[in-house]
Amino acid sequence: MTNILQLKKQLRKTIASKLTSKEIREAIRDHHARRKPRPCGMTIHTGIGCSLRCTYCYIEDMGFNWIAKPYPLTGLQLVYALLYNPYFVPGEYGTLIAMGSVTEPFLGVTREKTFEYIEAIATYLKNPIQFSTKMYLTRRDAYRLKQLDPGISPLITIVTIRYKDKLEPLAPPPEKRFETIKNLRSKGLKPILFLRPIIPGIIEEEYVEILEKARDSGAVGVVVGSLRVTNRILDRLRKAGLDIGEIIRRLPRKPRGNEQVPINTRDLKEEIIRYARKIGLVAFPEACMANIYTHGRICWKMIHHKIVVPGVEPPQISIDELKKIAEENNVVLKKATRKKYFIKMLLEGDRISKALFSEYVKCRFGYCVKILRSK
Ligand code: SF4
């Protein structure tokens, strides 16, 4: 079925039959029912706040605090909220799910909620799920995850070995995280090293060791991502006794207020990606690619970055077929052009129908989508 609204309505009916009216109202009021997916997918909060207090963390600047609490919705309510969200596409080829952006999803207080959400999404929606963590996951945890979503995309964060006490004082030691990678791999999952944020002045002397240890522990790949700083983060890094000269040198401008400014690390990223490839890791410049990869799929941008999933190509679609799907979803596709990994589309329809159709095209056919404005 390519009538997405119809599919969402049917699924909502199924879930609503398992919820009380009060639970439905709570789900509809929740921001998971309203937020637009980010480029990495729909970020799902399994908790609010985080007790690990990493020195480079930006959640405080986003209004969250250092006390973690499980998210108030049940798994079924979360599913209902997502189905109510006008921008969300359900299904195996639907919106990518990312857990771990504003909390650590496997803290003592958040982990059962995380399992609950993974189970609910895998049972009723089947969207591809990814999580990032610094916590220790046992073989039993790995087995549970594998049972819920065999393609689940685990990102294991390790950004330093030597400076762990200054950068991540309350997180488990990197050695336990390498063990997590081993445990996940032993149950047939595809763990990926999450080398984000790369911290200039530190990463240069550490990336070889981190990549090699991750590879030897069973990581299949690495996601490399940049550091973003706020004034508060710069202060914390300084107070932790780190030399931030290299960060300042690469800072394009001073942050204003709580603003997050990305540090220019393109050259470092390229160097790390080159070395990762040399030692046999799949290097992903973006986290969404790792989610697609572990679910046995590929997008056009991954092909552009020479990432291979043996025997797999993105689904092909003609513009005429795309026009028919657009019509079924209350949108008129006036014009579409494809270039490299992009599809540029001129659409007619209301704002939300256009956004939902774009999300569908991105997820189903593996394109980065640009919407053209009519002149
Ligand atoms: S684990 Fe993640 S969310 Fe928690 S403090 Fe560290 S960076 Fe922030």
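Partly exposed here means a relative accessible area between the buried range, under 20%, and the exposed range, over 50%. Keep that in mind as you work through this predicted model.

**Exercise 1. A pair within one helix**

Work out how far apart glutamate 359 and lysine 362 sit along their helix, and whether each is buried or partly exposed.

*Solution.*
1. Start with the contact: glutamate 359 and lysine 362 form a salt bridge, with 3.7 Å between the closest N and O atoms. That passes the cut-off, which is within 4 Å.
2. Now find the pair in the chain. Both belong to helix H15 (residues 351-365), and they are three residues apart, so about one helical turn separates them.
3. Check lysine 362: its relative accessible area is 26%, so it's partly exposed.
4. Glutamate 359 comes out at 8%, which makes it buried.
5. Elsewhere, salt bridges with shared partners join Arg162, Glu175, Glu205, Glu209 and Lys213 into one network.

**Exercise 2. Bridging a long stretch of sequence**

Find out which parts of the chain are tied together by glutamate 60 and arginine 236.

*Solution.*
1. Look at the contact first: these two make a salt bridge, and their closest N and O atoms are 3.0 Å apart.
2. Place each partner. Glutamate 60 is in the loop between strand E2 (47-48) and strand E3 (69-70), while arginine 236 is in helix H9 (residues 231-239).
3. Put that together: the partners are 176 residues apart in sequence, so the bridge ties those parts together.
4. As for surface, glutamate 60 has a relative accessible area of 27%, so it's partly exposed.

**Exercise 3. Linking two helices**

Decide which helices are linked by aspartate 267 and arginine 250.

*Solution.*
1. The two side chains meet in a salt bridge, 2.8 Å from N to O.
2. Aspartate 267 belongs to helix H11 (residues 266-278) and arginine 250 to helix H10 (residues 245-250), so the link spans 17 residues and joins distant parts of the chain.
3. Compare their surroundings: arginine 250 is buried at 11%, whereas aspartate 267 is partly exposed at 40%.
4. For the wider picture, a search of the whole structure turns up 25 salt bridges.

**Exercise 4. Around the ligand**

Say where the ligand sits and which classes of residue make up its shell.

*Solution.*
1. Locate the ligand: it's in the largest pocket.
2. List the surroundings: Cys50, Leu52, Arg53, Cys54, Cys57, Trp66, Thr103 and Lys134.
3. Sort that shell by class, and you get five nonpolar residues, one polar and two charged.

Methods:
Residues numbered from 1 in each chain as written. Predicted model: local features only at pLDDT ≥ 70, side-chain atom pairs only at ≥ 80, totals over all residues. Heavy atoms only, no water. Helix = DSSP H or I, 4+ residues; strand = E, 2+ residues; numbered from the N terminus. Buried < 20%, exposed > 50% of the residue type's maximum accessible area, 1.4 Å probe, protein only. Near = heavy atom within 4 Å. 1 Å grid on protein atoms, 1.4 Å probe; cavity = no way out; pocket = protein on both sides within 12 Å on 5 of 7 lines; lining within 4 Å. Sits in = over half its atoms within 2 Å of the grid points. Nonpolar A, V, L, I, M, F, W, Y, C, P; charged D, E, K, R; others polar.
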